[in-house]
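User: Please give me a close look at one part of this fold. Pick a single element, say what surrounds it, and then set it in the context of the whole chain.

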Amino acid sequence: MLSLREYRNKAERLADFLPWAALIASGVVLNKDGSFQRTARFRGPDLDSATPAELVATTARLNSVLRRLGSGWALFAEAVRRPAQEYPACDFPDPASALVERERAAQFAEEGAHFESRYFLTLLWMPPAEDAARAESWLYEGKAQKGVDPRELLDGFIDRTERLLRLFEGFFPEAQWLDDGATLTYLHSCVSTPMQQVRVPETPMYLDALLADEPLCGGLEPRLGAAHLRNYAQNVLTAARTLEQINNEIRMLQNQATSLINEARNLQSLPLNIVQPLQQQIQQTQQLLQQAQRIAYDVREIETTFETQYKNIPLGASQQAMVTSAEARWQNSVAAFEDALKVQAGAVANIEGSREAVNSLLGASQSAAGALQAAQAGNQLLALQTRQLADLTATMAAMGRAQALDAAERAAAKAQRSILGRQWRIARCWRRHHGLCDRFGRQERRRRGCRRHGRCRTRRRRCCPLTSA
C-alpha cells in the first residue's frame, strides 16, 4: 500500500482511522495494512430451546470449524438491532386466514416499536510478510514468478473463506456472503448513524473517505455526527442491566413455577388403593371365626357350656348320660380343631394376595411423584401388616380354642373316669355284702351273731364310701 505520511503525518478525520481501502473482489475488502476482509450474514440455531446434548454438539462443530484457521486470522461478530419496517400487505384467498392476518397486523401496530435482529460475521486475514513469503519461495522450484503473488494470496483467501462458510452452513439455518453493495452498506452502518443503502462506485477505492459521512468528535463528550456516544453507552448499559433484571425475574418466575409444580405433585394422591381388598379379607376371617361350631366365641355361651358339660359332673348320673356327655365334649374338640384348620387355610390363602399387594405398593412408593403418594403407600403397607396381624391373631385364637377344649375334654374325661371308678367299687362292695346276708338269714344272724357279717360290715365300712359315710 502507498504510504501517505509524506502528505499528512497526523490523523485529523474519521476516515484516517478507518482501515478500509478498496473493493478488490466480490465482497472482499482490501485494508490499508494489506489484510483482506469479508463479511457474511448468518442466522444461528435456536439455542434457547436446544437441549444440553444439542448445545454440546453445536459447540463441538463450531470449534471444529474454527480450529482450521491458522495464524493471522481474526473474527468479528456483530448483532444489529434495527427498527422493523411497516407491516407488509398480504392477500389471502380464504376469509379465515385473512381474519387471522388482520388480527396479527392490528397487534403489530398496537405494540409500538418492533425491532429486527441481524447477525454479521467478518473474517479478516493478514497475509504473511514479504520476508516470510520470500523464504517460503526458496522451498519450491519451477515457480513462474518469484516473490509474493498478490493474486495468489487473494485466491487463497477466497477459497479458504468459501470452505469455512460451507462448514457453517451445516448447522446454521442461514449463512451467505454479502455482495459489494451489501458490504458497503454494512460498513457504512458501522461508522454512521443514518441507515441507508450505499451504491457501489465505478472505482471502488478510498472506501474510508466514501463511507465516513459524519464527523467524529472525541474528548469528554464524544459524538458521532449529532449522536452522543456516551448516551449510547449509557443506554446500552441501562438496557443490559434491564435485560439482566428481566432475566432474573424470569428465573424467579421459573423457580416459583417449579415450586408450585412440586407442591402440586406433593398433593397428588396415590392412584393405587388396596384398602377394600384388605377389608374383604379381614371380613372373611371374621366370618370364619363367627362360624365356629358348637361353642362360639362368646363368654356367656362358654360359661354355660362348661357349667353343663365340663363342670359339676353328677355322681349319680347314669352311664348313658356320661357317654352322651363325653361324646358331646369330643365333638366340641373335633369341631374346634376343624375351625382352627379353616382359619389357618384362610390365612394361608391370603399370603398370595399379600405378596401382590406388597409388590404393587413398593412399585407405587418408588415411583411416587410427591410426599403424599409416598405417605399413602406407607400407610397402606401398615394396613397390610395390620391385616396380617389380624390373620395371625385369628389363627392363634382358633388354635388356642381347640387346645383349650381338648384339654378341658381330657380333664372332664379324667373326672368322669374317677367317678365311674368310685361307683364301680361301691357296687362291688354292696354285691358282696348282700350275698352274705342272704346266706345266713336274719334270725340266725340275730341269735348267733355273724362274725363274717361283722367282718363284711367292717370291710364295708372300710371299703364302701356310702356305708362309711
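Analyst: What follows is a close look at strand 3, then its surroundings, and last the chain as a whole.

This is a predicted model, so local features are given only at pLDDT of at least 70 and side-chain atom pairs only at pLDDT 80 or more, while totals for chains, interfaces and linings use all residues. Residues are numbered from 1 along each chain as its sequence is written, and side-chain values use heavy atoms, with hydrogens and water left out.

Strand 3 runs over residues 36–43. Helices (H or I, at least four residues) and strands (E, at least two) are DSSP runs, numbered from the N terminus. Six of the eight residues of strand 3 are buried, so the rest of the structure largely encloses this strand. Buried means under 20% relative accessible area, exposed over 50%, and partly exposed in between (1.4 Å probe, protein chains only).

Strand 3 has several pairing partners. Two strands pair if DSSP finds at least two bridges between them. With strand 2 (residues 28–31), strand 3 pairs in the antiparallel sense over three bridges. Here Val29 is bridged to Gln37 of strand 3. The two strands make a hairpin, with four residues between them. Gly34 sits in that turn and has a positive phi of about 90°.

Strand 5 (residues 115–125) also pairs with strand 3, antiparallel, over seven bridges. Arg38 has Leu123 of strand 5 as its bridge partner. Strand 6 (residues 174–177) adds another antiparallel pairing to strand 3, over four bridges. Arg41 is bridged there to Gln176.

Arg38 deserves a second look. This residue is buried, with a relative accessible area of 6%. Its side chain meets that of Glu162 in a salt bridge (2.9 Å, N to O). A salt bridge is a side-chain nitrogen of Lys or Arg within 4 Å of a carboxyl oxygen of Asp or Glu. The pair ties together distant parts of the chain: Arg38 is in strand 3, Glu162 in helix 5, and their positions lie 124 residues apart in sequence terms. Glu162 is partly exposed, at 26% relative accessibility.

Helix 5 carries a salt bridge of its own. The side chains of Asp159 and Arg163 meet at 3.4 Å (N to O). These two are four residues apart in helix 5, which means a separation of about one helical turn. Asp159 is partly exposed at 41% relative accessibility, and Arg163 is partly exposed at 42%.

Next, the nonpolar packing. As a general point, nonpolar side chains tend to be buried together in soluble globular proteins. A nonpolar core here is a set of buried Ala, Val, Leu, Ile, Met, Phe, Trp, Tyr and Cys residues joined through side-chain atoms within 4.5 Å. The largest such core has 21 residues. Among those with the most contacts inside it are Val28, Phe36, Phe157 and Leu164. Strand 3 is one of the elements that give two or more residues to this core, alongside strand 2, strand 5, helix 5 and strand 6. Helix 5 (150–168) gives the most, with five residues. Another core, of 16 residues, lies apart from this one and includes Val80, Tyr186, Val191 and Val198.

Leu164 touches Val65, Leu69 and Leu123, leaving out residues up to four places away in sequence. Contact means heavy atoms within 4.5 Å.

Strand 5 also has a neighbor outside these pairings. Arg81, in strand 4 (residues 73–83), touches Phe115, Glu116 and Ser117, again leaving out residues up to four places away. A polar contact of 2.9 Å joins the side chains of Arg81 and Ser117. For a polar contact, N or O atoms lie within 3.5 Å; within protein, one must be able to donate a hydrogen and the other to accept it, and residues adjacent in sequence count only if both atoms are side-chain atoms. Arg81 is exposed, with a relative accessible area of 55%.

Finally, the whole chain. The protein chain has 15 helices and nine strands. Of its 469 residues, 28% count as buried. Among contacts between residues at least 6 apart in sequence, 71% join residues at least 24 apart. The salt-bridge count comes to five.
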